[in-house]
Amino acid sequence: MTQIKRKATEPRRRPKQERSRERIDAILATTMRLIGEKGIDAVTMKEVGALAGGPIATVYHYFPSKSAILAMLYERFSEESRARFGAIIAEIGRLDDVTAAADRLLDDYHARVAADPAIQDLQNAIQADKALQHLDIAETRQQAKMFCDHVAPMLKSEQREAFGRVVFLIFQLAGGVVRLALTQDKEEGRRTIDDYRSIIHTQLRLFL
């Protein structure tokens with residue numbers, strides 16, 4: 001059953017020719033624009049096809065469902081996130097740099113999501129779709145591993161396993177904290193982010 005659901009969220013085919021890549025890019029860009037304009041629930045495959053410059057059959061040629069489009073949008077968002085996070089993590093040269101890097105990671109993620117309503121809606125949709133939730137968890141594991149792979153060699157060997165668990169929780173909970181902050185007014189949202197930042201510092205100091 002899980003495998004069937006997962007296939008329904010994957011593209012029918014990966015583009016190999018330039019024309020196919022351009023067509024998929026147009027579908028993804030159109031979907032993201034519509035999500036930002038009207039919310040994800042109001043977006044239909046038919047509308048995406050029409051506004052992306054082709055019939056709905058072309059959309060279904062690449063994507064079996066709207067969930068499959070969302071999955072690829074999330075994949076691209078995640079790829080960009082990893083590149084940005086990787087640049088920040090690379091600046092950690094010693095243990096004294098770890099909390100500052102964690103702050104930058106949180107602030108960068110918060111700023112990106114806050115600046116784009118479509119990303120907010122995409123994140124909410126990923127959480128609400130049971131067939132897509134595994135994408136978010138898998139991405140968290142990958143990003144947490146990036147962080148741990150860089151920092152763990154600076155720690156005592158007996159600390160590393162527990163450090164990995166804590167980092168995974170920090171990364172996974174960050175998404176929910178940011179989503180909560182964005183539903184609040186500006187001042188309350190700022191306090192929510194700062195409170196979570198304090199929690200992160202407290203947990204990281206156990207290892208540093």
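**Salt bridges and a pocket in a predicted model**

Glu187 and Arg190 sit three residues apart in helix α10, which is about one turn of the helix. In this predicted model, their side chains meet in a salt bridge, with 2.5 Å from N to O. Neither partner is tucked away completely: Glu187 counts as partly exposed at 39% relative accessibility, and Arg190 is partly exposed too, at 42%. The pair also belongs to something wider, since salt bridges with shared partners join Asp103, Asp107, Glu187, Arg190, Arg191, Asp194 and Arg197 into one network.

Arg197 is a good place to pick up that network. Its side chain meets that of Asp103 in a salt bridge of 3.5 Å, N to O. Asp103 lies in helix α6 (residues 98-115) and Arg197 in helix α10, so this pair ties together parts of the chain that are 94 residues apart in sequence. Both ends count as buried, because the cut-off is under 20% relative accessible area: Asp103 comes in at 18% and Arg197 at 16%.

Arg197 also meets the side chain of Asp107, this time at 2.9 Å, N to O. Here again distant parts of the chain are linked, with Asp107 in helix α6 and Arg197 in helix α10, 90 residues apart. Asp107 is partly exposed, at 35% relative accessibility. As a general point, side chains of opposite charge can pair when their charged atoms come close. Across the whole structure, a search turns up 18 salt bridges.

Now for a pocket. The second largest one has a volume of about 150 Å³. Its lining is made up of Leu28, Met32, Leu73, Arg76, Phe77, Glu80, Arg112, Asp116, Ile119 and Leu122. Sorted by class, that comes to six nonpolar and four charged residues, with no polar ones. Three helices, α2 (18-38), α5 (66-89) and α7 (117-128), each supply at least two residues of this lining. Helix α5 gives the most, with four.

How far can the coordinates be trusted? The protein chain averages a pLDDT of 87, and 91% of the residues score at least 70. Confidence is highest in helix α10 (residues 186-205), at a mean of 97, and lowest in helix α1 (residues 2-8), at 46. Over residues 1-6 the pLDDT is below 50, and beyond near neighbours in sequence this stretch has two contacts in the model. Where pLDDT is low, the predicted coordinates should not be read in detail.

Notes
Residues numbered from 1 in each chain as written. Predicted model: local features only at pLDDT ≥ 70, side-chain atom pairs only at ≥ 80, totals over all residues. Heavy atoms only, no water. 1 Å grid on protein atoms, 1.4 Å probe; cavity = no way out; pocket = protein on both sides within 12 Å on 5 of 7 lines; lining within 4 Å. Points joined across faces, edges and corners; volume = space filled by probe spheres on them. Nonpolar A, V, L, I, M, F, W, Y, C, P; charged D, E, K, R; others polar. pLDDT = per-residue confidence, 0-100. Contact = heavy atoms within 4.5 Å. Salt bridge = Lys/Arg side-chain N within 4 Å of Asp/Glu carboxyl O. Buried < 20%, exposed > 50% of the residue type's maximum accessible area, 1.4 Å probe, protein only.
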